Amino acid sequence: MKMRIVIKIGSQILTRKDGSLDITQMSDIVDQISELYKNNIEIILVSSGAVASGKTEISPSIKLDSISARQIYSAIGQVKLMNRYSDLFHQQGITCGQILTTKEDFATRRHYLNQRNCMTIMLESGIIPIVNENDTISVNELMFTDNDELSGLVASMMDCKKLILLSNIDGIFTGDPEKPESQLIREIKTDKQSIEKYIQTSKSSMGRGGMKTKYNIARKVAEEGIEVIIANGRTENILLKIVKEQEVNATRFVPSTKTISSIKKWIAHSEDFTKGIIYINKGACEALLGDIAVSLLPIGIVKVTGNFEADDIVQIKDENGKQIGIGRTSYSSTMVKELIGKSHKRPIIHYDYLFLECN
């Protein structure tokens, strides 16, 4: 079986200081990806750079708000970016294809499966999917935090073995990476370590995210059994070294050994699309978080907020408001309210459609 990986490239790796595309750097990355491809590795590329590319092409004659500017820059820049990728991969005898998506496309199971099917067919046909957010139609409430979030969703959706996040620094440090006393954290075990205090909150000049987003996404994806590596995209042959498991300066998130179904992975990344909250008592919390897999029963529910229908995604919280997990409900909010506290009733959320924070 072929190894399947997602490689995410940030804007700061693909652009020069003036915002123009760094063609030399793009060519180097394509060369590395091409070598991996020719060694029977399936690759999905999540690439930033469209907005940055568009900024260097035009000077709008009217003043634009931030959303309108992002839309017009990306509309122009995405064409420029994909043309360059197409030319570079063509020189290697490789075909690439474009996939533009929005956060809303991950909200419904049908759209989610349609995207997965499209990428699967592309990979089986020897085509490298190049994925980016469709900034021309995205608005604030529907935007991904950045392409780190998008790459995590894609890696989870496509059951990848590795997710490689290329940034402009080597990984996560114990302090400011610019200070000599700061040390690189080479390995993070998601079930044992909490290193939030080390995460820098600053964002890149070109992108919307930062190391905090990378950490949050990497941790969640690693908990789903996917190895995540944060590394410097300008390190020589960084992709080849990572895949060959050579020693490099990078931060590696150790993947969980637990097996999680495809639908649970979808549910795990659907928190932004929840329609309500189900609050449960202490006994229900202990049962759900115990060693035996159980479903959420009406007898453990104490309160319901929000308006949702059957099959909607909802949050599950304890009586103090701490989130326990999320799941797909079998009943509407009206029906759940009628069943609160009742025994000998069918599950409100079946275990197969329940993702717990400890998973």
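Here are a few worked exercises on this predicted model, whose residues are numbered from 1 along each chain as its sequence is written. Local features need pLDDT of at least 70 and side-chain atom pairs pLDDT 80 or more, while totals for chains, interfaces and linings use all residues, and side-chain values use heavy atoms, leaving out hydrogens and water.

**Exercise 1. Work out where the largest nonpolar core sits relative to the two domains.**

Step 1: Get the domains. The assignment gives domain 1 (4-260) and domain 2 (274-356); such bounds come from an automatic or database domain assignment. Their centres, taken over C-alpha atoms, are 34 Å apart.

Step 2: Find the core. A nonpolar core is a set of buried Ala, Val, Leu, Ile, Met, Phe, Trp, Tyr and Cys residues joined through side-chain atoms within 4.5 Å. Buried means under 20% relative accessible area, exposed over 50%, and partly exposed in between (1.4 Å probe, protein chains only). The largest core has 41 residues, and I44, V154 and F253 touch the most other members.

Step 3: See who supplies it. Elements giving at least two residues each include β2 (41-47), α6 (147-157) and α7 (211-223), and α7 has the largest share, with 6 residues. Helices (H or I, at least four residues) and strands (E, at least two) are DSSP runs, numbered from the N terminus.

Step 4: Place it. Both domains give residues to this core, so it lies between them.

**Exercise 2. Decide how α6 and α7 are oriented to each other.**

Step 1: Take the axes, which are lines fitted to C-alpha atoms, for helices over the stretch in contact, with angles from 0 to 180 degrees between N-to-C directions. Those of α6 and α7 come within 9 Å and cross at roughly 10°.

Step 2: Classify. That makes the two helices roughly parallel; the label covers angles under 35 degrees, with over 145 roughly antiparallel, 65 to 115 roughly perpendicular and the rest oblique.

Step 3: Check the contacts (heavy atoms within 4.5 Å). From α6, D148, E149 and G152 meet T213, K214, I217 and V221 of α7.

**Exercise 3. For N237 and H344, say whether each is buried, partly exposed or exposed.**

Step 1: Look at the backbone. N237 has a positive phi of about 55° without being a glycine, and H344, also not a glycine, has a positive phi near 55°.

Step 2: Locate them. N237 is in the loop between β7 and α8 (238-243), and H344 is in the loop between α11 (333-339) and β13 (354-356).

Step 3: Read the accessibility. N237 is partly exposed at 30%, while H344 is exposed at 81%.
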